[in-house]
Amino acid sequence: QVQLVESGGGLVQPGGSLRLSCAANRSIFSIYAMGWYRQAPGKQRELVASITFAGRRNYEDSVKGRFTISRDNTKNTVYLQMNSLKPEDTAVYYCHADVRARDSSRTDYWGQGTQVTVST
């Protein structure tokens, strides 16, 4: 079992920055991939950014150049640095872990979500 706890959300003005943190209750060293998803009201949940155990990163097109995902295996934590925030970034942000077993079966774990609101 992997428990994920997000923090760092809040209200920020357009053009501002926030850093989200996702702390896991166990080592993330062997977790295949971790990422951040977001869901705005009336919209489907979408992948924002992900990072594999090998450090390969993937970003949704609208956040490229503005958001950076990183992981600190010593702290069992994944971060999402968000710069140049826009009102359309407003959503609940969820931390996600993709855990693979020895037989390659996959289990998904989710955090409870943290609200990010970009507004004047």
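**Close-up of Ser104, an exposed loop residue in the predicted model.** With a relative accessible area of 56%, Ser104 counts as exposed, and Ser104 is found in the loop that joins strand S9 (91–100) to strand S10 (106–110). The phi of Ser104 is near 75 degrees, which is a positive value in a residue other than glycine.

**Close-up of Asn76, a residue with a positive phi.** Although Asn76 is not a glycine, its phi is about 55 degrees. Asn76 belongs to the loop between strand S7 (67–72) and strand S8 (77–82). Most residues other than glycine have a negative phi.

**Close-up of Tyr32 and Phe53, one of two aromatic pairs in the structure.** The ring centres of Tyr32 and Phe53 are 5.8 Å apart and the planes stand at 50 degrees, so this pair is tilted. Tyr32 lies in the loop between strand S3 (18–24) and strand S4 (33–39), while Phe53 lies in the loop between strand S5 (46–52) and strand S6 (57–59), so the pair ties together parts that are 21 residues apart in sequence. Tyr32 is partly exposed, at a relative accessible area of 28%.

**Close-up of Tyr37 and Trp110, an edge-to-face aromatic pair.** Measuring centre to centre, the rings of Tyr37 and Trp110 are 4.9 Å apart, with 70 degrees between their planes. Tyr37 in strand S4 and Trp110 in strand S10 are 73 residues apart, and the pair thereby links distant parts of the chain. Tyr37 is buried, with a relative accessible area of 19%, whereas Trp110 is partly exposed at 37%.

**Close-up of Arg45 over the faces of Tyr94 and Trp110.** Arg45 lies 3.8 Å from the ring centre of Tyr94, over its face, and Arg45 also lies over the face of Trp110, at 4.7 Å from that ring centre.

Terms used:
Residues numbered from 1 in each chain as written. Predicted model: local features only at pLDDT ≥ 70, side-chain atom pairs only at ≥ 80, totals over all residues. Heavy atoms only, no water. Helix = DSSP H or I, 4+ residues; strand = E, 2+ residues; numbered from the N terminus. Buried < 20%, exposed > 50% of the residue type's maximum accessible area, 1.4 Å probe, protein only. Phe/Tyr/Trp six-rings, centres within 6.5 Å; stacked < 30°, edge-to-face > 60°. Lys NZ or Arg CZ within 6 Å of the ring centre and 35° of its normal.
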